[in-house]
Amino acid sequence: MTYEQTLNWMFAQLPMYQQKGKTAYNAKLEGIQSFAAYLHHPEREFKVIHVAGTNGKGSSSHMLASILQEAGYTTGLYTSPHLKDFRERIRINGSLVDKAFVVDFIQDNKTFFSTHNLSFFEMSVGMAFDYFAKSKVDIAIVEVGLGGRLDSTNIVVPEVALITNIGMDHTDMLGDTLQKIAKEKAGIIKENIPVVISELQEEIEQVFRAEAKNKNSKIVFADQHDDENIKTALLGTYQRKNLRGVLAVVKELKGFEITREHIEKGLQNVASNTGLMGRWQLLGEKPTVICDTAHNREGLEMVLQQIAQQKFERLHIVLGFVREKDIDRILPLFPAHAIYYFCRPHIERGLDVLMLQKKAASFGLSGNVYDSVAEAYDAALNRASIDDFVFIGGSTFVVAEVV
């Protein structure tokens, strides 16, 4: 098969949370454990930093990878979801996994897939671990896909675990309280392995402390420590919270020679080193155009606070969501003075645009509906003057159609 045919087979044959939502969530580890054994346990061939959290885990993972690259280490990076190309999920020193490797991996293991009914995510995780092992990476930054305790990545034994912000997201699968969600995230804490918590949230602090005590693991709440005035080139004031977690992880990471210069260069070169997209990403000037993949209440609240700090004449917001989002909790965050361009991301889970417009109107938000993200984006650009501000967001999949 060609690369395109291979991807089509993967997306068609196996459920993918990115497209299907809850029906694709496979809350058990047996599948990935059996696949890892079949592959001769590639996850044991390299060191790992394991990253979980509701918001910030992607940015944090990319920052860590960039720092380690600057320190001269061959660094794997596994993240999800992808924006444009499946291969964004699997990188080494910023370079995407080879198309030939993806094709050959699927072809070589097709019999196993057909007899064990693996999920899309289990297959992707196995591919990443196999690629990192065969490429002999020094270390890999592995981002949890969903939750933590039962996530397919949770077969690794890391050098350090990092848990970022916890918010009310994926409540249909992870639980309907912060405590329940935190408990799932805390499932990545391993025996005698240090864990860093980026942000101390009082209502869930004891969840992490109890799990760390149970696993005899050192626990560090990063925002209780000085960040030494180190800065990152990633835009968005919310990155300060992520940065503290990253710096604390570097301090806990043993056996790697990482200097302050490596840290500073890594944080200044995140996008160029790792290919990070969609985090307060500048797409244009005059008017200023920003997109961000924040997609839950806590993440969007930080982004909207950042927008409020900008100087502009009028605010234009291109907005779309997926169906399972609790937009009754999200839409009240948005400013009524903005001009809205409602759209539906081009995936099965996309929220109906007329439903979004009607719900938004109940919160005092007005705007027109468009048949696609591209049409909504074009309409915003055509209407905006050079002193205006255009924001595109609400969903990773909305952003994916404009970057």
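This is a guided tour of a predicted model, with suggestions for what to select at each stop.

**The nonpolar cores**

Begin by selecting Met 10, Phe 113, Met 127 and Phe 132, which touch the most other members of the largest nonpolar core, a set of 40 residues. To see where this core draws its residues from, colour α1 (3–13), α3 (30–38), β3 (90–92), α5 (99–108), α6 (110–116), α7 (120–134) and β5 (139–143), the elements that each give two or more residues to it. Among these, α7 gives the most, with 10 residues.

Now centre the view on Met 10 and show its surroundings: leaving aside residues up to four places away in sequence, Met 10 touches Phe 86, Val 102, Ile 106, Phe 120, Met 123 and Met 127. A second core, separate from this one and made of 32 residues, can be found by selecting Leu 68, Val 160, Val 270 and Leu 276, which are included in it. As background to both selections, nonpolar side chains in soluble globular proteins tend to be buried together.

**One side of α3**

Return to α3 and select Gly 31, Ile 32, Phe 35 and Ala 36, which are buried. These residues lie on the same side of α3, because they cover an arc of only 125 degrees around the axis. If you then display α5, α6 and α7, you will have part of what covers the buried residues of α3. Just after α3, stop at His 40, which takes a positive phi of about 65 degrees.

**Where α4 meets α11**

Next, show helix α4 (residues 57–70) together with helix α11 (residues 239–252), whose axes come within 9 Å and cross at roughly 45 degrees. The two helices are therefore oblique to each other, and their crossing is right-handed. To view the contact itself, select Ser 59, Ser 60, Met 63, Leu 64 and Ile 67 on the α4 side, which meet Gln 239, Asn 242, Leu 243, Val 246, Val 249 and Val 250 on the α11 side.

**Two buried loop residues**

Two loops are worth a visit here, beginning with Ser 198, which is found in the loop between β7 (195–197) and α10. Is Ser 198 buried or exposed? With a relative accessible area of 2%, Ser 198 is buried, and, apart from its neighbours within four places in sequence, it is in contact with Leu 162, Ile 163, Thr 164, Ala 222, Asp 223, Lys 241 and Gly 245.

Then move to Asp 292, in the loop between β10 (288–291) and α14 (297–308), which counts as buried at 3% relative accessibility. Setting aside residues up to four places away in sequence, Asp 292 touches Tyr 238, Gly 278, Arg 279, Trp 280, Val 303, Phe 391, Ile 392, Gly 393 and Val 399. A distance drawn from the C-alpha atom of Asp 292 to that of Glu 205 should read 28 Å, although these residues are 87 apart along the chain.

**A partly exposed loop residue**

Select Glu 228 in the loop between β8 and α11, where it is partly exposed, with a relative accessible area of 36%. Beyond residues up to four places away in sequence, Glu 228 touches Lys 251 and Arg 260. Between Glu 228 and Lys 110, which are 118 residues apart in sequence, the separation in space is 50 Å from C-alpha to C-alpha.

**Backbone details**

The last stops concern the backbone, where most residues other than glycine have a negative phi, and most peptide bonds are trans. Which bond joins Ser 80 and Pro 81? It is a cis peptide bond, with omega about -5 degrees, and Pro 81 sits in the loop between β2 (75–78) and β3. Another cis peptide bond runs from Lys 286 to Pro 287, with omega near 5 degrees, and here Pro 287 lies in the loop between β9 (281–284) and β10.

For positive phi values, select Asn 93, whose phi is near 50 degrees, in the loop between β3 and β4 (95–96); at 34% relative accessibility, Asn 93 counts as partly exposed. Finish at Asn 216, whose phi is near 55 degrees and likewise positive, in the loop between α10 (205–214) and β8 (219–221). Asn 216 is exposed, with a relative accessible area of 54%.

Technical notes
Residues numbered from 1 in each chain as written. Predicted model: local features only at pLDDT ≥ 70, side-chain atom pairs only at ≥ 80, totals over all residues. Heavy atoms only, no water. Core = buried A, V, L, I, M, F, W, Y, C linked by side-chain atoms within 4.5 Å. Buried < 20%, exposed > 50% of the residue type's maximum accessible area, 1.4 Å probe, protein only. Helix = DSSP H or I, 4+ residues; strand = E, 2+ residues; numbered from the N terminus. Contact = heavy atoms within 4.5 Å. Arc of directions from axis to C-beta. Axes fitted to C-alpha atoms, helices over the stretch in contact; angles between N-to-C directions. Parallel < 35°, antiparallel > 145°, perpendicular 65-115°, else oblique. Left-handed = near helix turned anticlockwise from the far one by under 90°.
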